[in-house]
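Grab a pencil and work through these exercises with the model open beside you. Each one sets a task and then walks through a solution.

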Amino acid sequence: MPRNKRSRLRADRPNPSGVHFLVSKDVLDTLVRTCTPGPDDLVLDLGAGPGVVTAALARTHARVLAVERDPEFVRTLNSRFRHNDRVRVIQADIRTVALPRRDFLVVANPPYSLSTPLLRRLLGGRRPNLRSAALIVEWGFAKRVTTPVPASRELAWWASRFDIRLVRKVPADHFRPQPTVDSAVLAIRRRPLSRTTEILLGEILDAVERSPYRSAHALVRRIGLGDARRLLKRCDIEPGRRAATITPREWRRVAETVSARLGRGTDAV
């Protein structure tokens, strides 16, 4: 159960935003272990609530930013961590809070309703500062963002620049209040790419979105990436495959190969 009376009272209120407090130490350990933060790391707990995840992160001696919008929880967090100079509490909305300009980690149990806008902020921009993340999300959402061939250009963009994997399923009874569906621990790790590779990836994914039924060979030729057949064979992609069936990881390999050929593959992000 939540660790203070105020949290227990809140757990009984209507819950339209999908806020569920983690009560499983095993899942909490999995979250922290997935990112393995250390004293030199900056870690964000986005949607910190009463501070269950924040406390686990504090024990790693990392620098922790606990971001929470609700004034009651902010007071709880400030009281709980007032003697820990490595934990800073920020009252802000996780959809708009300024993200660090240096590399950072995220370990969090955010509201289900904010999963998509949160990932857009963390994964969507150019040259992201997110290094890795461990998030608790709704099970169906986790399945959608880890499918090998994403259903949208946005998901493909995320998957082409980050390794996104489903770590484990989390039953509903690991939370208070219990959600109506199971959850999952989602692991995200940035894939270092050159600026040229990122630009090429964007062009390729745009072309796939425009012409999903075109063959890989025709699509690569249309973009003008050189000898399309030889390039695709080198990347272990059958030239006749429909463009929409090729995974973001495979397209990433194409972009990396072209970037290396251009001699500009070392400007890693």
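**Exercise 1: one face of a helix**

Which residues are buried in α5?

Before the solution, some ground rules. This is a predicted model, in which local features need pLDDT of at least 70 and side-chain atom pairs count only at pLDDT 80 or more, while totals for chains, interfaces and linings use all residues. Residues are numbered from 1 along each chain as its sequence is written, and side-chain values use heavy atoms, with hydrogens and water left out.

Step 1. Helices (H or I, at least four residues) and strands (E, at least two) are DSSP runs, numbered from the N terminus. Find α5 at residues 115-123.

Step 2. Buried means under 20% relative accessible area, exposed means over 50%, and partly exposed is in between (1.4 Å probe, protein chains only). In α5, the buried residues are S115, L118, L119, L122 and L123.

Step 3. Look down the axis of α5: its buried residues fit within an arc of 105°, so they line one face of the helix. The arc is taken from the directions from the helix axis to the C-beta atoms.

**Exercise 2: a second helix, and its cover**

Work out which residues of α6 are buried and what covers them.

Step 1. Helix α6 runs over residues 139-146, and F141, A142 and V145 are buried there. They take up an arc of only 100° around the axis, which puts them on the same side of α6.

Step 2. Now look at the cover, which includes α5, β6 (130-138), α7 (153-161), β7 (162-170) and β9 (183-190).

**Exercise 3: three helix pairs**

Describe how α5 packs with α7, how α7 packs with α8, and how α8 packs with α11.

Step 1. Get the conventions straight. Axes are lines fitted to C-alpha atoms, for helices over the stretch in contact, and angles run from 0 to 180 degrees between N-to-C directions. Angles under 35 degrees count as roughly parallel, over 145 as roughly antiparallel, 65 to 115 as roughly perpendicular and the rest as oblique. A crossing is left-handed if the near helix is turned anticlockwise from the far one by less than a right angle, and right-handed if clockwise. Contact means heavy atoms within 4.5 Å.

Step 2. Take α5 and α7: the angle is about 50° and the axes are 11 Å apart. The two helices are therefore oblique to each other, and their crossing is left-handed. From α5, T116, L119, R120 and L123 meet E154, W157, W158 and R161 of α7. Sorted by class, that gives 4 nonpolar, 1 polar and 3 charged residues. For the sorting, Ala, Val, Leu, Ile, Met, Phe, Trp, Tyr, Cys and Pro are nonpolar, Asp, Glu, Lys and Arg are charged, and the others, Gly among them, are polar.

Step 3. Move on to α7 and α8, with an angle of about 150° and axes 10 Å apart. That pair is therefore roughly antiparallel, with a right-handed crossing. R153, A156, W157, S160 and R161 of α7 meet E198, L201, G202, L205, D206 and E209 of α8. The classes here are 4 nonpolar, 2 polar and 5 charged.

Step 4. Finish with α8 (residues 195-210) and α11 (residues 248-262), which pack at about 135° with their axes 9 Å apart. That makes α8 oblique to α11, and the crossing is right-handed. The contact includes L200, L201 and I204 of α8 and W251, V254 and A255 of α11. In total, the contact has 10 nonpolar, 3 polar and 2 charged residues.

**Exercise 4: backbone oddities**

Where is the cis peptide bond, and which residues have a positive phi?

Step 1. Recall the background: most residues other than glycine have a negative phi, and most peptide bonds are trans.

Step 2. The bond from R176 to P177 is cis, with omega near -10°. P177 lies in the loop between β8 (175-176) and β9.

Step 3. T36, not a glycine, has a positive phi of about 45°. T36 sits in the loop between α2 (25-35) and β2 (42-46) and is exposed, at 53% relative accessible area.

Step 4. D236 also has a positive phi, near 60°. Its loop is the one between α10 and α11, and at 64% relative accessibility D236 counts as exposed.
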